[in-house]
Number of protein chains: 2
Amino acid sequence: MTETTKIALNPNYKRIATEEAFAPQAVLDMYRKLYESHTLGDPGFDSLWGFYSTSKAARPSFIREKLADLDALRIADMDAAGIDHQIIALTSPGVQVFERDIAVSLARESNDVLADAVKRHPTRFTGLCAIAPQAPELAAQELERCLKLDMRGIIIHSHTFGEYLSDQKFWAIFEAAEALQLPIYLHPNTPPKNMIGPFVEAGLDGAIFGFGVETGLHLLRIITAGVFDRFPRLTMIVGHMGEALPYWMYRLDYMHEAGVRAARYECMKPLKKKVSDYLRENVYITNSGVAWEPAVKFAQQVLGVDRVMYAMDYPYQYTPREVLDMDAMDMSLEHKREFYQGVAEKVFKLR
Amino acid sequence: MTETTKIALNPNYKRIATEEAFAPQAVLDMYRKLYESHTLGDPGFDSLWGFYSTSKAARPSFIREKLADLDALRIADMDAAGIDHQIIALTSPGVQVFERDIAVSLARESNDVLADAVKRHPTRFTGLCAIAPQAPELAAQELERCLKLDMRGIIIHSHTFGEYLSDQKFWAIFEAAEALQLPIYLHPNTPPKNMIGPFVEAGLDGAIFGFGVETGLHLLRIITAGVFDRFPRLTMIVGHMGEALPYWMYRLDYMHEAGVRAARYECMKPLKKKVSDYLRENVYITNSGVAWEPAVKFAQQVLGVDRVMYAMDYPYQYTPREVLDMDAMDMSLEHKREFYQGVAEKVFKLR
């Protein structure tokens, strides 16, 4: 994963990477302690951070080192990979595995660490605000504080102790996000314990598959619960090519309509629009983890060029030369500029 | 769902629908009894057949009636929708929710019912053989019998009591399927009880999302367990645009390689090829439930035109006019003929 040859910046657009991770060393230490304590009862967390916090293999060692850095190491990696700017957020599962009061204070501390780094490197970094969904009524307060720290969005790592934001107890978060015009990046977590069984027994609970399923399910729950009818100006972002929901759009629309018409589920009410309308109008996606022209172009085709952003997923998927593949996509310069720069500037108000 | 205007057959190709369902009335009655007995302990089955076997809404009533028919009703619907030929299989979850001995005999009876219908309507129907994965050592016997009944493949409805075909206890099925050159259609079931929690509480356990996730996960488990290294001439088919795995290919390859290299999971061993190679070389997909040009063309692009087949998913998704949308795709006649006819003729040996 080391690379000595630098990739030149592209003269035609800034390369803005929009789903890049960090973690203060204190948080990494707490993940390790939590794993070693065996008290959480979350097989997904044990699988993820049992591996990343203890393994001596090259990949987890590299990731631990790079997650904790917000200065020279990170900027050198960005330079080597031709990345102009990172949108940075606390790594998964954020503070969402800790007891409520700890989670609230840890989110604050983590936001301060990130905001300080952004102040040191304002041309290279933009920060997203971590919150504790465990305390939805405190979200507005921390979001207002983060706005003053010049943060440009919110990071939430899918479920919190097996609960989803589709539950109305969390909707104060949406209310605050909409009012403050802060987009919510819904980032993967491992599936919760009442879902992870057949994934984890086959080693498929993490980024290879479980992450995407869990997060796609979460966004679909948010849509079908009517969140965007209640908060029509709310904006969300999902990575990994939209966690496959763009590919499923036709079936989602057909089966949602059929299920509602047949009144199959008490919990599934009519929506104002089709499921795919919310995906096109309230959601942006990034190609984190998927440096693959066919998928990028498919998503642009079905969602719109103004809905798809570049992301590297640093340091988890640090492939320095991937931007050369993305630069070489058979795509107009105008659309490539939107992909790398234009959409991100709009969503995160970078200008 | 009634349609009086017939769609003309297309003079340029046969329209062969490759994932079409039936169920003898006796099986439908057993599903209803099983649901009402509350003895299975499978929330997915209760959700699916609790709805389809008892609801008086238009959709489930239509589906019950049409599932049980293998004569005039079905052929009239095919004629109305411009379908030349159906590849027919026992509906989900097949016999996979019954006790072993019952399952074995019910599969035989069901296969006899289907084989008789194919004899009555040989130009309109082709049958797939149902088996009981509960008795893998008996699979070869029933498959040989089905071959004599002129069946052209095997239907398996994902998990069986929460177990997956990636478990070597089931590999006698793969051995027989490979030896007899019968492709296995891996059709959806609802997720098992140790996975379905966050799906079913939001009404997303069925065809809208849970089906696809469960079946995509199952195929991925089969691939990563090394089944296609052990049985390289084995062929599988998955519906619903490949249950999203084609869209995930880049990430599957990247993360499988990374996980194996870091030795993250004891159960995840190196494979002879990339995950995507097996998808391209051992797997065919159908567009059941997804009459949507962008997804069809994406799959053709990344898997190959010789890997993607048409399916209607009758009677669950009987939209008579959908073939007109598919006929109108911006696609060469040669590729459209492959999609509707050529690939299916090869896979099911229809000539």
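Copies are superposed here by least squares on the C-alpha atoms of residues with pLDDT of at least 70 in both. Keep in mind that this is a predicted model.

**View 1. Chains A and B around their rotation axis.** To lay chain A on chain B, turn it by 180 degrees, with 0.0 Å of shift along the axis; the RMSD comes out at 0.0 Å. The two copies are thus related as by a two-fold rotation axis. Both copies use the same surface, since 100% of the contact residues of chain A turn up again in chain B. Look for A:Met195 here: of the residues of chain A, its C-alpha comes closest to the rotation axis, at 1.7 Å.

**View 2. Chain A on its own.** This chain has 16 helices and 9 strands. Its C-alpha trace spans about 60 × 50 × 45 Å along the principal axes. A compact globule of 351 residues would have a radius of gyration near 20 Å, and chain A, at 19 Å, agrees with that. Buried residues make up 56% of the chain. As for who touches whom, take the contacts in chain A with a separation of 6 or more: 79% of them are between residues 24 or more positions apart.

**View 3. Helix H1 of chain A, one face in and one face out.** H1(A) runs over residues 25–37, so that's 13 residues, and it reaches 18 Å from first C-alpha to last, close to the 18 Å expected at 1.5 Å a residue. Which residues of H1(A) are buried? They are A:Val27, A:Tyr31 and A:Tyr35. Seen down the helix axis, the buried residues fall within an arc of 80 degrees, so they line one face of H1(A). Helix H2 (43–52) and helix H5 (100–120) of chain A are among the elements that cover them. Turned away from that buried side is the face carrying the exposed residues A:Gln25, A:Lys33 and A:Ser37. Just after H1(A) comes A:His38, with a positive phi near 50 degrees.

**View 4. A:Asp205 in its loop.** A:Asp205 is in the loop between helix H8 (197–200) and helix H9 (210–224) of chain A. Is A:Asp205 buried or exposed? A residue counts as buried if 20 or more other C-beta atoms lie within 10 Å of its own; A:Asp205 has 25 C-beta neighbours inside 10 Å, so it is buried. Leaving aside neighbours within four places in sequence, its contacts include A:Gly44, A:Ser47, A:Thr190, A:Pro191 and A:Phe199. A:Pro43 is 162 residues away from A:Asp205 in sequence, yet the two are 9.4 Å apart in space, C-alpha to C-alpha.

Methods: Residues numbered from 1 in each chain as written. Chains lettered and ligands numbered in written order. Predicted model: local features only at pLDDT ≥ 70, side-chain atom pairs only at ≥ 80, totals over all residues. Contact = placed C-beta atoms within 7 Å. Helix = DSSP H or I, 4+ residues; strand = E, 2+ residues; numbered from the N terminus. Buried ≥ 20, exposed ≤ 12 C-beta atoms within 10 Å, placed from the backbone. Expected span 1.5 Å × (residues − 1). Arc of directions from axis to C-beta. Rg over C-alpha atoms; globule rule 2.2 N^0.38 Å.
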